[in-house]
Each structure stands twice: as structure tokens, then as C-alpha cells.
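Grab a pencil and get ready for a few short exercises. Each one gives you a task, then walks through the solution step by step.

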Amino acid sequence: MGLLSQLATLPLAPVRGVAWVVERAIEAAENEYYDPAPVKRELAELEEALLAGEIDEETFDRREDELLDRLDEIRAHEQGTTA
């Protein structure tokens with residue numbers, strides 16, 4: 001029976017292959033989006049820019065809040081997937 005079902009669904013093989021590739025691409029994009037390392041790196045660069053006088057305190061505070069919110073989102077995602 002397995003051979004007959006494989007033959008019957010053979011025309012769908014390219015669709016299954018494309019679906020698999022799309023799933024892997026989505027998985028890779030999510031891994032990159034929820035990686036905290038770039039956000040932490042940007043926070044460090046932001047602090048360096050403030051200390052070097054390249055940005056003012058208001059710009060620092062606004063951008064820091066955005067980055068910390070992003071880290072909170074990442075942590076919430078990690079807790080949701082491991083729970």
C-alpha cells in the first residue's frame with residue numbers, strides 16, 4: 001500500500017519540497033529575529049556613542065528604551081517556547 005500511496009501523491013512532491021524550504025526559511029528568520037546578541041551589541045555601541053559625545057541624552061534615552069523593549073520581547077519569546 002505504501003508504494004501505491006507514494007505513486008498517487010508523486011505529483012505533490014514539489015509542493016512538499018517547497019513547503020519544507022519555506023518552513024526552514026521561516027525558522028532561520030525567527031532565530032535571527034529573536035537573537036539577543038545584536039541588541040546587546042547595539043546597546044553597548046549606544047552607550048559608547050553617548051560617552052563619546054556623539055549623541056545627546058535624549059536620543060540615548062529614546063533609543064535605549066526601544067532596545068530594552070526589544071530585549072523584553074526576546075525574553076518573553078524564549079520563555080514562551082521553553083515553557
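## Warm-up: one residue in a helix

Glu-73 has a relative accessibility of 34%, so Glu-73 counts as partly exposed. The scale behind that word runs like this: buried is under 20% relative accessible area, exposed is over 50%, and partly exposed is in between, with a 1.4 Å probe and protein chains only.

A quick note before you start: this is a predicted model, where local features need pLDDT of at least 70 and side-chain atom pairs count only at pLDDT 80 or more, while totals for chains, interfaces and linings use all residues. Residues are numbered from 1 along each chain as its sequence is written, and side-chain values use heavy atoms, with hydrogens and water left out.

## Exercise 1: salt bridges in helix α4

**Task.** Find out which residue meets Glu-73 in a salt bridge, and whether that partner is buried or exposed.

**Solution.**

Step 1. Start with the rule: a salt bridge needs a side-chain nitrogen of Lys or Arg within 4 Å of a carboxyl oxygen of Asp or Glu. The general idea is that side chains of opposite charge can pair when their charged atoms come close.

Step 2. Look for the partner of Glu-73. Its side chain meets that of Arg-70 in a salt bridge, at 3.2 Å from N to O.

Step 3. Check the spacing. Glu-73 and Arg-70 are three residues apart in helix α4, so about one helical turn separates them. Helices here are DSSP runs (H or I, at least four residues), numbered from the N terminus.

Step 4. Check the cover. Arg-70 has a relative accessible area of 16%, so Arg-70 is buried.

**Task.** Now track down the salt bridges of Arg-63 and Arg-75, and count up the total.

**Solution.**

Step 1. Arg-63 pairs with Glu-66, with 2.7 Å from N to O. Both lie in helix α4 (residues 57-82), three residues apart, about one turn of the helix.

Step 2. Glu-66 is partly exposed at 38%, and Arg-63 is partly exposed too, at 25%.

Step 3. Arg-75 forms a salt bridge with Asp-72, where the closest N and O atoms are 3.8 Å apart. These two are also three residues apart in helix α4, about one helical turn. Arg-75 comes in at 43% relative accessible area and Asp-72 at 45%, which makes Asp-72 partly exposed.

Step 4. Some salt bridges share partners, and in this way Glu-23, Arg-24 and Glu-27 are joined into one network.

Step 5. The total comes to six salt bridges.

## Exercise 2: who touches whom?

**Task.** Take Pro-36 and Arg-70: what is each one in contact with, leaving aside neighbours within four places in sequence?

**Solution.**

Step 1. Contact means heavy atoms within 4.5 Å.

Step 2. Pro-36 sits in helix α3 (residues 36-51). Leaving aside those neighbours, Pro-36 is in contact with Leu-71, Ile-74 and Glu-78.

Step 3. Look at Ile-74 again. Its C-alpha atom is 6.7 Å from that of Pro-36, although their places lie 38 residues apart along the chain.

Step 4. Arg-70, in helix α4, is in contact with Tyr-33, Tyr-34 and Val-39, once the same kind of neighbours is left aside.

Step 5. Finally, link the two: Arg-70 and Pro-36 are 34 residues apart in sequence and 8.6 Å apart in space, C-alpha to C-alpha.

## Exercise 3: patches on the surface

**Task.** Which residues form the negative surface patch, and which make the nonpolar one?

**Solution.**

Step 1. Patch residues have over 30% relative accessible area and no salt bridge; like charges are joined within 9 Å, and nonpolar side chains (Val, Leu, Ile, Met, Phe, Trp, Tyr) within 5 Å. Accessible areas come from the Shrake-Rupley method with a 1.4 Å probe.

Step 2. Asp and Glu count as negative, and the place of a charge is taken as CG of Asp or CD of Glu.

Step 3. The negative patch is formed by Asp-56, Glu-57, Glu-58, Asp-61, Asp-65 and Asp-69. Glu-57 lies in helix α4 and is partly exposed, at 47%.

Step 4. The nonpolar patch, about 440 Å², is made by Leu-3, Leu-4, Leu-7 and Leu-10. Leu-3 belongs to helix α1 (residues 2-8) and is exposed, at 59%.
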